[in-house]
Every structure is written in C-alpha cells, then in structure tokens.
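Please open the structure in your viewer and keep the selection tool at hand. The tour below proceeds from one selection to the next and states what is to be found at each stop.

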Amino acid sequence: MKLDAVTEKTGLIGHPVAHSKSPEMMNEAFRREGLPWVYFAFDVASEELGRAVAGLKSLGFRGWNVTIPHKVAVMEHLDEVEESAREIGAVNTVIHRNGRLIGTNTDGAGYLESLVRETGFDVKGRRVVILGAGGAARAVGYTLARAGAEQIGIVNRTEKKAQDLADHLRRWTRADGISPGEADTAIREADLLVQTTSVGMHPHPEGCPVDPASLHKDLLVSDLIYHPRQTRLLQEAKTRGARVHSGLGMLLHQGALAFERWTGRQAPVERMGEVLEQVLGES
Ligand code: ATR
C-alpha cells in the first residue's frame with residue numbers, strides 16, 4: 001500500500017489493543033476498494049483519552065473505532081452522540097466530519113446484520129433471552145427491541161443489572177429481568193438465545209453459561225464469543241438440534257458499518273470476513 005501525504009487516516013483507540021484484528025481487516029478493506037486510507041491501533045491509557053481524541057482530531061483523522069475501556073468515557077469528548085450510541089450508552093465509532101466529532105454505535109446493528117445474513121432469522125414477534133447485562137448485551141438488547149422482538153428476558157449473574165437493562169428496554173418491547181434460577185424455563189420458551197458474557201471464552205473454553213438441557217431444537221443460539229469459534233454452548237446447542245450463530249459476524253459487520261460511515265462506500269464484507277477467518281485461525 002502506498003502511504004503518502006494525502007493518505008486518509010483512521011484507527012482504533014483502546015487499552016489494550018495488541019490483540020485486535022481490526023487493523024488487518026480494515027486495511028485489507030481499504031486496499032480492496034482501492035482507497036488511499038489507512039487504519040492504525042493506538043493503546044491509550046484512560047488518563048490520556050481526552051488528549052488522544054483532541055490529537056486525532058487535530059491531525060485530521062477521518063474517524064476511529066473505540067474499544068474497552070473508553071466506549072463510555074469518550075462521549076464527553078465528542079460534539080454529538082447519535083441516538084443508537086446514546087441509548088446503548090456507549091460509542092464504538094467516531095466520525096470526523098466538517099470539523100465535528102460524531103459518536104455512533106455499530107455493535108448492535110452489526111450483530112443484527114450478521115444474524116440476519118447468516119441465519120435468515122426474523123426478529124419480529126420473537127421471544128429472546130439474553131445472557132449478560134454489560135455493554136454487549138445493551139447493544140444487542142436495544143437493537144433487537146427496536147427491530148420488533150416481542151419479548152426480551154435478561155439473565156445476569158448480578159441481577160440488579162439485568163433489571164436495569166430490562167427497565168430501559170421496556171420503552172420499546174416487553175422486557176424482564178430473569179433470575180439465573182429461572183433461566184431454564186425462559187430458554188425453553190424462547191426462539192433466540194444470545195450469549196454476551198465471557199463464559200466459554202479462551203482460555204476457558206469448557207465454560208457453559210446455561211444448563212445444556214434447556215437448549216432445544218426450536219431455538220437459535222447466538223454466542224458473541226469468536227475465540228473459540230464454536231463455543232461449548234454452541235456445541236451443546238447443535239447436539240440438541242438447535243441452530244447456531246457465532247460471534248465472528250458481529251465483529252465483521254460492526255467494522256463494515258464503520259467503514260461505510262467513514263468512506264461513504266459499501267464495505268467489501270466478504271473479503272473482510274476471509275481476513276478475519278485467516279487471522280483468527282492463526283491466533
Ligand atoms: P461486554 O462489553 O463484553 O458486555 P462487560 O460490560 O464487562 O463486557 O459485561 C460482562 C458481562 O459478562 C456481564 O453481564 C457480567 O456479569 P456481571 O454483571 O454479574 O459482572 C458477565 N460475566 C462475566 N464473567 C462472568 C461469569 N464468570 N459468570 C457469569 N457472568 C459473567
């Protein structure tokens with residue numbers, strides 16, 4: 001790739017960022033589209049966040065992604081926060097346009113895009129159970145509620161957080177906090193189960209966040225974890241005849257949507273997916 005005085009700059013800020021696959025995915029996307037753009041990763045400590053954002057703006061970066069632990073704190077440094085990010089309570093993408101910094105969130109929309117493309121699932125009128133009540137659960141919950149899910153049950157180790165998220169989602173749909181002890185019953189009646197916790201993630205792939213006996217053939221099980229690609233939960237689901245959806249697609253599509261916001265062009269999604277498969281295969 002040619003780097004010169006007119007190369008457009010984008011990137012990622014987070015802490016840590018060394019594990020991120022976004023630079024490979026996004027730089028290949030720019031290359032594939034013949035765009036003179038580049039994507040960097042910056043490890044930014046929390047106390048440097050304000051200065052880092054001001055620096056990226058001053059240096060003319062066209063936009064950047066934001067990851068843990070800055071997704072909430074970055075908001076106070078922006079000129080505008082779009083509705084999706086406001087309702088989710090986190091920004092994962094910043095767009096620098098006409099001297100203004102606009103925050104948005106492509107995590108939820110990326111999840112839904114991946115779910116629909118890979119499984120054809122129609123959310124309207126469906127019953128959903130979400131495991132977890134952190135940032136990823138808020139993004140997915142908001143998006144599924146807006147997309148017409150009939151009912152959303154939230155199960156979380158810390159029950160108060162499940163209640164709070166359910167209270168928030170009730171503006172758009174029927175939503176309930178469900179105690180871990182009642183999770184099995186809710187899952188038996190659900191159409192879609194979305195797993196957003198870190199249970200089952202490398203290096204503890206033996207973890208399974210629910211009793212496998214509650215999984216059934218009329219269920220679609222979606223696990224946001226992509227390392228490993230097939231979590232224990234997804235394996236147990238398959239064994240019981242359920243359909244499965246892995247977390248790689250969310251990573252891909254949240255990036256593709258950011259690409260589109262920055263460049264105004266359609267992202268080369270297929271190629272980006274190949275790159276992710278390849279780099280994750282190596283990790
Ligand atoms: P993310 O942005 O990935 O959602 P997060 O906001 O830190 O990350 O949320 C992590 C979620 O995983 C939370 O719902 C957390 O439960 P608590 O609210 O009780 O902390 C859940 N989680 C993490 N480790 C867990 C474990 N060992 N068992 C059950 N839930 C766990």
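## First stop: a pair of strands

Select Val221 first: Val221 stands opposite Val244 in strand 12. The model on display is a predicted one. Now extend the selection to the whole of strand 11 (220-223) and strand 12 (243-245). These two strands, 11 and 12, are paired in the parallel sense over 3 bridges. Another partnership here is that of Ser222, whose bridge partner in strand 12 is His245.

Turn next to the side chains of strand 11. Which residues point one way, and which the other way? Leu220 and Ser222 point one way, whereas Val221 and Asp223 point the other way, and all are buried.

On strand 10, select Leu193, whose bridge partner in strand 11 is Val221. Strand 10 and strand 11 run parallel and are joined by 4 bridges.

## The parallel sheet

Widen the view to the sheet that holds these strands. In what order do its 6 strands lie? The order is 9-8-7-10-11-12, in an open sheet with parallel pairing. At the edges are strand 9 (174-178) and strand 12, each of which pairs on one side only. From one strand to the next, the twist averages 20°. In general, the strands of a sheet pair through backbone hydrogen bonds, either parallel or antiparallel.

Two helices may now be added to the selection:

- Helix 4, residues 107-119, lies across strand 10, strand 11 and strand 12, and runs at about 140° to strand 12.
- Helix 5, residues 135-146, lies across strand 7, strand 8 and strand 10, and runs at about 170° to strand 7.

## The loop between strands 10 and 11

Select His216, which is found in the loop between strand 10 and strand 11. Is His216 buried or exposed? Its relative accessibility is 17%, and buried means under 20%, so His216 counts as buried. The side chain of His216 reaches the backbone oxygen of Arg188 at 3.3 Å. Beyond its neighbours within four places in sequence, His216 is in contact with Ile187, Arg188, Ala190, Arg240 and Ala242.

Pro203 also has its place in the loop between strand 10 and strand 11. The peptide bond from His202 to Pro203 is cis, with omega near 5°.

## The ligand

Display the ligand together with the residues around it, which include Gly132, Ala133, Asn156, Thr158, Lys161 and Ser198. Three contacts may be inspected in turn. A backbone N or O atom of Ala133 lies 2.9 Å from an oxygen atom of the ligand. A polar side-chain atom of Thr158 is 2.4 Å from a ligand oxygen atom. In the side chain of Ser198, an N or O atom is 3.4 Å from a nitrogen atom of the ligand. On its own the ligand has 640 Å² of accessible area, of which the protein covers 63%.

## The mixed sheet

Move to the other open sheet, whose 6 strands have the order 2-1-3-5-6-4, with mixed pairing. Strand 2 (37-43) and strand 4 (80-81) are the edge strands, and each pairs on one side only. Strand 3 (residues 63-66) and strand 5 (residues 93-97) run antiparallel, joined by 3 bridges. Select Trp64 to find its bridge partner in strand 5, Val94.

Helix 9 (residues 248-263) packs on this sheet, touching strand 1, strand 2, strand 3, strand 5 and strand 6; the direction of helix 9 makes about 5° with that of strand 5.

## An enclosed helix

Select helix 1, residues 22-32. Of its 11 residues, 8 are buried, so helix 1 is largely enclosed by the rest of the structure. Among the buried residues are Met25, Met26 and Phe30. The buried residues pack against strand 1, strand 2, strand 3, helix 9 and helix 10 (269-282). Gly34 follows helix 1 and has a positive phi, near 70°.

## Two last loops

Most residues other than glycine have a negative phi, and most peptide bonds are trans. Two places remain to be viewed with this in mind.

Pro69 lies in the loop between strand 3 and strand 4. The peptide bond from Ile68 to Pro69 is cis, with omega near 10°.

Asn98 lies in the loop between strand 5 and strand 6. Although not a glycine, Asn98 has a positive phi of about 50°. Asn98 is exposed, with a relative accessible area of 74%.

Notes: Residues are numbered from 1 along each chain as its sequence is written. This is a predicted model: local features need pLDDT of at least 70, side-chain atom pairs count only at pLDDT 80 or more; totals for chains, interfaces and linings use all residues. Side-chain values use heavy atoms; hydrogens and water are left out. Two strands pair if DSSP finds at least two bridges between them. Contact means heavy atoms within 4.5 Å. Axes are lines fitted to C-alpha atoms, for helices over the stretch in contact, and angles run from 0 to 180 degrees between N-to-C directions. Buried means under 20% relative accessible area, exposed over 50%, partly exposed in between (1.4 Å probe, protein chains only). A polar contact is a pair of N or O atoms within 3.5 Å; within protein, one must be able to donate a hydrogen and the other to accept it, and residues adjacent in sequence count only if both atoms are side-chain atoms. A residue is near a molecule or strand if one of its heavy atoms lies within 4 Å of it. Accessible areas come from the Shrake-Rupley method with a 1.4 Å probe; for residues, only the protein chains shown count as cover.
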